[in-house]
Amino acid sequence: MPLYEHVFISRQDLSNAQAEGLVEHFSTVLADNGGKVVESEYWGVKTMAYKINKNRKGHYALLRSDAPSSAVQEMERLMRLHDDVMRVLTIKVDAHEEGPSVQMQKRDEREGRGDRPDRGDRGDRGDRGGFGGRR
């Protein structure tokens with residue numbers, strides 16, 4: 001069966017238990033239609049880049065599934081109809097990554113952050129006077 005990753009955002013005024021209940025609910029929808037959830041992660045409340053339905057924040061969750069496309073289509077249909085779910089993203093992947101997702105890793109464990117090259121001395125930049133040096 002194909003492998004999928006689903007990320008969905010639910011409304012910010014839900015409690016943590018209700019948001020995690022949505023993860024369980026949609027996991028059972030997949031299971032009822034012949035699929036299975038390999039792993040699920042609740043990422044918590046995060047601030048969004050722009051407002052969606054007058055909400056600035058949302059509960060984020062990830063589902064990694066092994067399911068037929070009909071099960072995924074049914075789950076997405078129910079997510080679109082559910083009042084608490086604001087956005088859904090489903091991606092078909094070749095293989096699930098091992099371990100926690102990037103969102104669940106601690107900031108200092110992430111790769112590439114501390115390996116920035118030294119910028120060196122910037123030298124005398126002169127006084128440009130703000131916007132482009134016009135005077």
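In what order do the strands of the open sheet lie? The legends below, which describe a predicted model, begin with the answer.

**Figure 1. Overall arrangement of the elements in the predicted model.**
The protein contains two helices and four strands, and from the N terminus on these elements follow one another as β-α-β-β-α-β. Of the 135 residues in the protein, 32% are buried. Among contacts between residues at least 6 apart in sequence, 74% join residues at least 24 apart.

**Figure 2. The open sheet of four strands.**
The strands lie in the order β2-β3-β1-β4, and their pairing is antiparallel. Strands β2 and β4 (85-93) form the edges, since each pairs on one side only. From one strand to the next, the twist averages 20°. Helix α1 packs on this sheet and touches β1, β2, β3 and β4. The direction of α1 makes about 30° with that of β3.

**Figure 3. The hairpin of β2 and β3.**
Strand β2 (residues 36-52) and strand β3 (residues 55-66) are paired in the antiparallel sense over eleven bridges. Two residues stand between the strands of the hairpin, and Asn53 adopts a positive phi near 50°. Within this pairing, Tyr42 is found opposite Ala61 of β3.

**Figure 4. The pairing of β1 with β3.**
Nine bridges connect β1 and β3, again in the antiparallel sense. Phe8 has Ala61 in β3 as its bridge partner. Ala61 also stands opposite Tyr42, so that this residue of β3 appears in both close-up views of strand pairing.**Figure 5. The aromatic pair of Phe8 and Phe26.**
A pair of aromatic rings is described by the distance of the centres and the angle of the planes. A search of the whole structure finds one aromatic pair. The ring centres of Phe8 and Phe26 lie 5.8 Å apart and the ring planes stand at 75°; because planes over 60 degrees apart count as edge-to-face, the pair belongs to that class. The two rings link distant parts of the chain, with Phe8 in strand β1 (residues 3-11) and Phe26 in helix α1, 18 residues apart. Both Phe8 and Phe26 are buried.

**Figure 6. The crossing of helices α1 and α2.**
Helix α1 (residues 16-32) and helix α2 (residues 69-81) have axes that come within 8 Å and cross at roughly 145°. The crossing of α1 and α2 is right-handed. On the side of α1, the contact is made by Phe26, Val29 and Leu30; α2 contributes Ala71, Val72, Glu74, Met75, Leu78 and Met79. By class, the contact of α1 with α2 comprises eight nonpolar residues, one charged residue and no polar residues. Phe26 takes part in this contact and is also a member of the aromatic pair.

**Figure 7. The surroundings of Ala71 in helix α2.**
Ala71 has a relative accessible area of 0% and is therefore buried, the cut-off being under 20%. With neighbours within four places in sequence left aside, Ala71 is in contact with Leu30 and Asn33. Leu30 belongs to the α1 side of the contact between the helices. The C-alpha atoms of Ala71 and Gly34 are 6.7 Å apart in space, although the two residues are 37 residues apart in sequence.

Conventions: Residues numbered from 1 in each chain as written. Predicted model: local features only at pLDDT ≥ 70, side-chain atom pairs only at ≥ 80, totals over all residues. Heavy atoms only, no water. Axes fitted to C-alpha atoms, helices over the stretch in contact; angles between N-to-C directions. Left-handed = near helix turned anticlockwise from the far one by under 90°. Contact = heavy atoms within 4.5 Å. Nonpolar A, V, L, I, M, F, W, Y, C, P; charged D, E, K, R; others polar. Phe/Tyr/Trp six-rings, centres within 6.5 Å; stacked < 30°, edge-to-face > 60°. Buried < 20%, exposed > 50% of the residue type's maximum accessible area, 1.4 Å probe, protein only. Pairing = 2+ DSSP bridges.
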